[in-house]
Amino acid sequence: MKFTEITTESKVFPGEYVLHKPSNAVVLVGAFNRDNGTIKVLKDGKLLTDDIENFRKIALNRKEYTKYKKTY
């Protein structure tokens with residue numbers, strides 16, 4: 001699992017999980033606003049708004065993706 005920087009070409013969608021660098025926590029994206037440069041996320045049951053620079057996308061390789069895609 002790798003964490004990549006969110007660039008101007010990156011797409012972030014609501015419902016996607018990203019890493020919040022200051023708290024080192026995986027959070028759920030609620031809204032992505034490139035114009036304001038912010039992302040709203042759910043962290044520990046609370047709504048948090050922070051700058052895009054404080055988040056990293058989670059990149060899985062094919063093997064990791066198929067492992068976590070299976071339901072138990």
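In the hairpin formed by S4 and S5, where two residues lie between the strands, Asp44 adopts a positive phi near 55 degrees. This hairpin belongs to a predicted model of a protein that has one helix and six strands, and the elements follow one another from the N terminus in the order β-β-β-β-β-β-α. The points below begin with the overall build, move on to the strand pairs and their turns, and end with the charged pairs, one residue of interest and the surface.

**Overall build**

- Measured out along its principal axes, the C-alpha trace of the protein spans about 35 × 30 × 20 Å, and buried residues account for 26% of the 72 residues.
- The accessible surface of the protein amounts to about 5,600 Å², and carbon and sulfur atoms contribute 52% of that surface.
- If one takes the contacts between residues at least 6 apart in sequence, 43% of them join residues that are at least 24 apart.

**The sheet**

- Six strands make up an open sheet, arranged in the order S1-S6-S2-S3-S4-S5 with antiparallel pairing.
- At the edges of this sheet stand S1 and strand S5, which covers residues 46-51, and each of the two pairs on one side only.
- On average, and with direction ignored, neighbouring strands of the sheet are turned by 45 degrees against each other.

**Strand pairs and hairpins**

- S1 and strand S6, the latter made of residues 55-59, run antiparallel and are joined by four bridges; within this pair, Thr4 has Lys57 in S6 as its bridge partner.
- S3 runs antiparallel to strand S4, which comprises residues 38-43, and five bridges join the two; here Val29 stands opposite Val41 in S4.
- The hairpin of S3 and S4 has four residues between its strands, and in its turn Gly37 shows a positive phi of about 75 degrees.
- S4 and S5 also pair in the antiparallel sense, over six bridges, and the bridge partner of Lys43 in S5 is Lys46.
- Asn24 sits in the loop between S2 and strand S3, the latter covering residues 25-33, and it counts as exposed because its relative accessible area is 61%, above the 50% cut-off.
- From Asn24 to Arg34 there are ten residues along the chain, and their C-alpha atoms are separated by 22 Å.

**Charged pairs**

- Side chains of opposite charge can pair when their charged atoms come close. In this protein the count comes to two salt bridges.
- One of them brings together the side chains of Glu16 and Lys57, with 2.6 Å from N to O; this pair links distant parts of the chain, since Glu16 lies in the loop between S1 and S2 while Lys57 lies in strand S6, 41 residues apart.
- Both partners of this bridge, Glu16 and Lys57, are buried.
- Another salt bridge is formed by Lys43 with Asp44, whose closest N and O atoms are 3.1 Å apart.
- In the latter pair, Lys43 is partly exposed because its relative accessible area is 23%, whereas Asp44, with a relative accessible area of 68%, is exposed.

**Ile6 and its surroundings**

- Ile6 is placed in the loop between strand S1, residues 2-5, and strand S2, residues 17-20.
- Ile6 counts as buried because its relative accessibility is 8%, and the cut-off for buried is under 20%.
- Leaving aside residues up to four places away in sequence, Ile6 touches Val12, Phe32, Ile39, Ile52, Phe55, Arg56 and Lys57.
- Although Ile6 and Glu53 are 47 residues apart in sequence, their C-alpha atoms are 7.3 Å apart in space.

**A nonpolar patch on the surface**

- Met1, Phe3, Leu60, Tyr65 and Tyr68 form a nonpolar patch on the surface, and together they have about 550 Å² of accessible area.
- Leu60, one of the residues of this patch, is found in the loop between S6 and helix H1, which covers residues 62-69.
- With a relative accessible area of 36%, Leu60 is partly exposed, because this value falls between the 20% and 50% cut-offs.

Conventions
Residues numbered from 1 in each chain as written. Predicted model: local features only at pLDDT ≥ 70, side-chain atom pairs only at ≥ 80, totals over all residues. Heavy atoms only, no water. Buried < 20%, exposed > 50% of the residue type's maximum accessible area, 1.4 Å probe, protein only. Contact = heavy atoms within 4.5 Å. Pairing = 2+ DSSP bridges. Axes fitted to C-alpha atoms, helices over the stretch in contact; angles between N-to-C directions. Patch = residues over 30% accessible without salt bridge, like charges linked within 9 Å, V, L, I, M, F, W, Y side chains within 5 Å. Areas by Shrake-Rupley, 256 points an atom, 1.4 Å probe, with all protein chains shown as cover. Salt bridge = Lys/Arg side-chain N within 4 Å of Asp/Glu carboxyl O.
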